[in-house]
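Here is a short briefing on one protein model, arranged by topic. The sequence and structure come first, then the pocket, the helices and selected residues.

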Amino acid sequence: MSRLGLQIVNACLGLITVILGGASFILGADSPVYPDDMLSVPSLDSNLRFFGGLSAGLGLTLIWLTPSIEKHTVLFRAIWLCALAGGIGRLLSAALVGLPATPLLVFTIIEVPGVPLLIYWQYRVAAVATHQQA
């Protein structure tokens with residue numbers, strides 16, 4: 001139960017996640033993460049529910065940090081930069097495969113141009129709070 005052991009396991013899992021997520025980001029449904037049997041309804045449903053749970057967890061984290069939003073800059077940016085990366089993935093998919101359903105287009109509009117605006121807005125709020133404390 002050492003710190004170093006946790007760091008090693010976490011770094012390895014992070015690297016695996018980056019590699020597999022990167023493969024899916026770049027190759028979409030052609031990723032080796034999705035062999036033919038993964039394109040079945042049960043497999044896609046499982047993956048969609050995983051990402052739904054992940055999104056719900058990120059949303060709860062955003063709600064949690066809201067009361068002291070000016071103090072959680074790093075976490076705020078990390079969450080929203082992940083959303084921006086996802087939005088860029090949606091743009092890549094639209095360019096390579098075609099436009100998705102309307103709700104996904106709306107998400108893309110929030111994720112791509114909206115995220116940098118949110119990050120800037122939070123930066124400004126944090127700067128004002130820091131200035132007022134000085």
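The largest pocket has a volume of about 2,300 Å³. Its lining has 49 residues, and those closest to its centre are Tyr-34, Phe-51, Gly-86, Gly-89 and Arg-90. The model is predicted.

**Pocket lining**

- Four elements give two or more residues to the lining of the largest pocket: helix 1 (3-27), helix 2 (41-65), helix 3 (73-96) and helix 4 (102-133).
- Helix 3 supplies the largest share of this lining, with 13 residues.
- By class, the lining of the largest pocket holds 31 nonpolar residues, 15 polar residues and 3 charged residues.

**Helix 3**

- Helix 3 is 24 residues long and spans 34 Å from its first C-alpha to its last. That is close to the 34 Å expected at 1.5 Å a residue.
- Which residues of helix 3 are buried? They are Phe-76, Ile-79, Trp-80, Leu-84, Gly-87 and Gly-89.
- The cover over the buried residues of helix 3 includes helix 1, helix 2 and helix 4.
- Gly-89 thus appears twice: Gly-89 is among the residues closest to the centre of the largest pocket, and Gly-89 is buried in helix 3.
- Gly-98 follows helix 3 and has a positive phi, near 130°.

**Arg-90**

- Arg-90 sits in helix 3 and is one of the residues closest to the centre of the largest pocket.
- Is Arg-90 buried or partly exposed? Its relative accessible area is 27%, so Arg-90 is partly exposed. The class runs from 20% to 50%.
- Beyond its neighbours within four places in sequence, Arg-90 is in contact with Leu-104, Phe-107, Thr-108 and Glu-111.
- Arg-90 and Pro-42 are 48 residues apart along the chain, and their C-alpha atoms are separated by 23 Å.

**Gln-122**

- Gln-122 belongs to helix 4.
- Gln-122 counts as buried because its relative accessibility is 2%, against a cut-off of under 20%.
- What does the side chain of Gln-122 reach at 2.8 Å? It reaches the backbone oxygen of Ile-69.
- Leaving out neighbours within four places in sequence, Gln-122 is in contact with Ile-69, Glu-70, His-72, Thr-73 and Phe-76.
- Ile-69 therefore figures both as a contact of Gln-122 and as the residue whose backbone oxygen the Gln-122 side chain reaches, while Gln-122 itself is buried.
- Phe-76, another contact of Gln-122, is among the buried residues of helix 3.

**Tyr-123**

- Tyr-123 is also found in helix 4.
- Tyr-123 has 43% relative accessibility, so Tyr-123 counts as partly exposed.
- Tyr-123 and Ala-85 lie 38 residues apart in sequence, and 19 Å apart in space, C-alpha to C-alpha.

**Helix 1 and Val-9**

- Helix 1 has 25 residues and reaches 36 Å from its first C-alpha to its last. The expected value at 1.5 Å a residue is 36 Å, and helix 1 is close to it.
- Gly-28 comes just after helix 1 and takes a positive phi of about 60°.
- Val-9 lies in helix 1. Its relative accessible area is 49%, so Val-9 is partly exposed; exposed would need over 50%.
- Val-9 and Phe-51 are 42 residues apart in sequence, and their C-alpha atoms are 22 Å apart in space. Phe-51 is one of the residues closest to the centre of the largest pocket.

Conventions: Residues numbered from 1 in each chain as written. Predicted model: local features only at pLDDT ≥ 70, side-chain atom pairs only at ≥ 80, totals over all residues. Heavy atoms only, no water. 1 Å grid on protein atoms, 1.4 Å probe; cavity = no way out; pocket = protein on both sides within 12 Å on 5 of 7 lines; lining within 4 Å. Points joined across faces, edges and corners; volume = space filled by probe spheres on them. Nonpolar A, V, L, I, M, F, W, Y, C, P; charged D, E, K, R; others polar. Buried < 20%, exposed > 50% of the residue type's maximum accessible area, 1.4 Å probe, protein only. Polar contact = N/O pair within 3.5 Å; in protein donor to acceptor, adjacent residues only side chain to side chain. Contact = heavy atoms within 4.5 Å. Expected span 1.5 Å × (residues − 1).
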